[in-house]
Amino acid sequence: MLDTLQRVRDPLGMRFDPSRVLYLPLYDGRCEGTSFMSRDHYGHLCTVTGAAWTSQGRTFDGNDYIDCGTNSLLNFTGGIFSVGVWVKQPALQTNKIMVARIATSEYMGWKLYFVDTKIRMRTAQSAATQDT
């Protein structure tokens, strides 16, 4: 349980704990290739579609993505959760998703995205949708 976290040490010296359910350091050479394992405690299989590998890490050109599977740990269905992302945009782009979890063909899940000059977070479960 979270009160008895067993920490795991990564070969690069990063500390991981089981409460971090997904960690993708897309600058790390271990995330190169068409598929790789996430660098968190759980080791999710991640499949790359289109995102090119460069000497500075992954680059995305608008329709590229990384699918991290369907593990139920990734379903933030209630309670508090946090999302962190570093993004470098060459120019302001609107309605571009930075990170998302879409659970079904109907929009259910969450996304962090650009709208005009703002960053928005949208969550949706069943018929309830909330933008912040």
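Which residues form the largest nonpolar core?

## Nonpolar cores

In this predicted model, the largest nonpolar core is made up of 9 residues: V21, C31, F36, C46, V48, A51, I66, C68 and L74. Another core lies apart from it and has 5 residues, among them M98, W110, L112 and F114. In soluble globular proteins, nonpolar side chains tend to be buried together.

C68, a member of the largest core, touches L22, L24, H44, L45, C46 and L74, leaving aside residues up to four places away in sequence. Of these contacts, C46 and L74 also belong to the largest core.

## The sheet

An open sheet is built from 3 strands, ordered β3-β4-β7, with antiparallel pairing. The edge positions are taken by β3 (35–37) and β7 (65–67); each has a single partner strand, so one side of each has no neighbour in the sheet. On average, neighbouring strands of the sheet are turned by 30° against each other, direction ignored.

Between β3 and β4 (residues 45–49), the antiparallel pairing runs over 3 bridges. Within this pair, S35 is placed opposite T47 of β4. The largest core includes F36, which falls within β3 (35–37). Also in that core are C46 and V48, within the residue range 45–49 of β4, and I66, within β7 (65–67).

## Confidence

Mean pLDDT for the chain is 75, with 72% of its residues at 70 or more. For residues 1–11 the pLDDT is below 50, and this stretch has 19 contacts in the model beyond near neighbours in sequence.

Terms used: Residues numbered from 1 in each chain as written. Predicted model: local features only at pLDDT ≥ 70, side-chain atom pairs only at ≥ 80, totals over all residues. Heavy atoms only, no water. Core = buried A, V, L, I, M, F, W, Y, C linked by side-chain atoms within 4.5 Å. Buried < 20%, exposed > 50% of the residue type's maximum accessible area, 1.4 Å probe, protein only. Contact = heavy atoms within 4.5 Å. pLDDT = per-residue confidence, 0-100. Pairing = 2+ DSSP bridges. Helix = DSSP H or I, 4+ residues; strand = E, 2+ residues; numbered from the N terminus. Axes fitted to C-alpha atoms, helices over the stretch in contact; angles between N-to-C directions.
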